[in-house]
Amino acid sequence: MTAERGHVASGTAHGNWLTLGKDGRLSLYVPTGGGLLRWTETGVGGPDWSGPHFVAVAGLTDLTVAQGADTYVHFFGRRERAGADGSKRVDIVHATQYQTGRAFTDWRSLGNPHQDREQGRALGAPVGAIAPDGTVHVFVRNAQRGLMLRREAPNGKWKDWEDLLGMGIAALPSPVSLAGGRVEVCAASETGVLVWRQVEPGGSFATPRGFALRPSPGTVAALETGPDRATFFWTDAEGGGATAWRAGGWPLALGASPADRPYAALRTSVDGYDCVVLAYRGEDGAAVLGVGGTENEANGFWWYALAERCQGGPALARDGRGRVAMALIDPDGVPRVARQEDSSGLALIQWKRL
């Protein structure tokens with residue numbers, strides 16, 4: 001890992017690419033040519049950052065970041081490399097950062113669930129969820145547009161690829177780790193929405209259930225909003241605005257303009273109220289921030305168009321002082337970070353270009 005001033009972001013990572021370490025410092029991760037870049041706060045609450053530090057990962061086409069309850073940060077990548085015969089080979093790779101600002105583990109190949117090389121090239125980008133006991137779950141869309149899973153037990157041993165079935169997955173699935181120990185996954189499909197539920201913590205996944213709903217592919221996000229209960233957010237394909245949905249209920253329209261990537265989602269307290277904060281990139285390229293009561297969407301969701309333009313999707317986290325922090329990648333490929341005022345409300349101040 002080396003300091004690199006010449007690199008710029010080549011887009012944004014999937015997942016939660018702004019993370020809070022056990023020591024109270026934020027870290028930010030972005031893909032770049034030949035690997036990824038990391039910036040780290042030099043003190044709790046900022047405003048100064050160190051970096052960028054370059055982590056080489058040759059052939060990386062997609063990067064996903066996920067963090068467990070133990071604050072370990074996991075990195076999942078889709079990698080393309082040329083074989084000895086010149087043909088393209090695809091595999092999934094994984095690495096971990098155990099402490100804020102420290103080195104990563106070696107990148108380990110998790111292989112490809114397809115034995116056939118041509119089918120293997122159709123493998124999608126990986127997404128991840130870390131169960132409360134530390135079990136790492138890696139989900140990926142296969143060549144038949146069903147869902148595959150590979151998981152690492154807390155003892156560090158990786159199990160074989162599992163076929164979770166499903167069909168017609170239209171974009172990245174969205175997993176969520178629930179505090180009770182289970183993992184759920186939601187994905188837009190050709191026929192609506194598919195949801196996979198783990199039967200019990202550490203157990204198998206039930207056959208996916210289909211729902212006749214209309215999310216725009218590539219916009220689904222997941223967040224735990226109640227005890228062992230997830231809310232899924234997406235852009236409605238017909239109405240064009242943000243939507244919140246929980247299994248067993250009806251979708252609730254939240255308004256706003258359409259998003260084209262998964263929403264950044266964060267549950268936090270705003271002025272003493274339990275709230276959900278959402279962020280996305282609007283159609284005009286500017287970042288948009290929204291807030292509403294947790295599982296109280298019917299009482300309104302408030303949206304704020306920001307002046308900052310971005311590429312890809314923003315990221316949200318709480319900093320070491322409990323304030324909402326938002327990160328985005330500006331059109332020049334440089335990260336910018338702002339955070340909530342200390343006083344009240346959700347106003348973001350002190351935009352800093354890293």
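I began with arginine 79, which I found in strand β8, in what is a predicted model. Arginine 79 has a relative accessibility of 13%, and because the limit for burial is under 20%, I entered arginine 79 as buried. I then looked for a partner for its side chain and noted a polar contact of 2.6 Å to the side chain of aspartate 91. Aspartate 91 also appears among the contacts of arginine 79 beyond four places in sequence, together with Ala58, Gly59, Leu60, Arg89, Val90, Val93 and Ser109.

Next I went to proline 175, which is placed in strand β15, residues 174-177. Its relative accessible area is 16%, so I counted proline 175 as buried too. I checked what comes back to this position from elsewhere in the chain: glycine 128 is 47 residues away in sequence, yet the two C-alpha atoms are 6.8 Å apart. With neighbours within four places set aside, the contacts of proline 175 are Val127, Gly128, Ala129, Phe139, Glu184, Val185 and Ala222.

Ala222 led me on to strand β19, residues 221-226, which pairs with β20 in the antiparallel sense over 5 bridges. Alanine 222 stands opposite phenylalanine 232 of β20. The two strands make a hairpin with 2 residues between them, and in that turn I noted a positive phi of about 55° at aspartate 228. Strand β20, residues 229-235, is mostly covered, with 6 of its 7 residues buried. On following β20 further I found 4 bridges to strand β21, residues 242-245, again in an antiparallel arrangement, with threonine 243 as the bridge partner of tryptophan 234. This second hairpin has 6 residues between its strands, and glycine 240 in the turn has a positive phi of about 85°.

I turned then to the nonpolar interior. The largest nonpolar core has 28 residues, and those with the most contacts inside it are Trp17, Leu18, Leu28, Val30 and Trp49. At least two residues of this core come from each of β4, β5, β6, β7, β8, β27 and β28, and the largest share, 4 residues, is supplied by β4. Another core lies apart from it, with 18 residues that include Val277, Ala279, Val291 and Leu348. I looked up tryptophan 49 separately and, leaving aside neighbours within four places, listed among its contacts Leu18, Leu26, Leu28, Trp39, Val337, Arg339 and Leu354.

Arg339 took me to an open sheet of 4 strands in the order β27-β28-β29-β30, paired antiparallel. Its edge strands are β27 and β30, each of which pairs on one side only, and the twist averages 20° from one strand to the next. Within this sheet β28 and β29, the latter covering residues 335-340, pair over 5 bridges, and alanine 325 stands opposite arginine 339.

Last, I recorded the chain as a whole. I counted 1 helix and 30 strands, and 55% of the 354 residues are buried. The C-alpha trace spans about 60 × 50 × 40 Å along its principal axes. The radius of gyration is 19 Å, which agrees with the value near 20 Å that a compact globule of 354 residues would have. Of the contacts with a separation of 6 or more, 41% join residues 24 or more positions apart.

Technical notes. Residues are numbered from 1 along each chain as its sequence is written. This is a predicted model: local features need pLDDT of at least 70, side-chain atom pairs count only at pLDDT 80 or more; totals for chains, interfaces and linings use all residues. Side-chain values use heavy atoms; hydrogens and water are left out. A nonpolar core is a set of buried Ala, Val, Leu, Ile, Met, Phe, Trp, Tyr and Cys residues joined through side-chain atoms within 4.5 Å. Buried means under 20% relative accessible area, exposed over 50%, partly exposed in between (1.4 Å probe, protein chains only). Contact means heavy atoms within 4.5 Å. Two strands pair if DSSP finds at least two bridges between them. Axes are lines fitted to C-alpha atoms, for helices over the stretch in contact, and angles run from 0 to 180 degrees between N-to-C directions. A polar contact is a pair of N or O atoms within 3.5 Å; within protein, one must be able to donate a hydrogen and the other to accept it, and residues adjacent in sequence count only if both atoms are side-chain atoms. The radius of gyration is taken over C-alpha atoms; the globule rule is 2.2 Å times the number of residues to the power 0.38.
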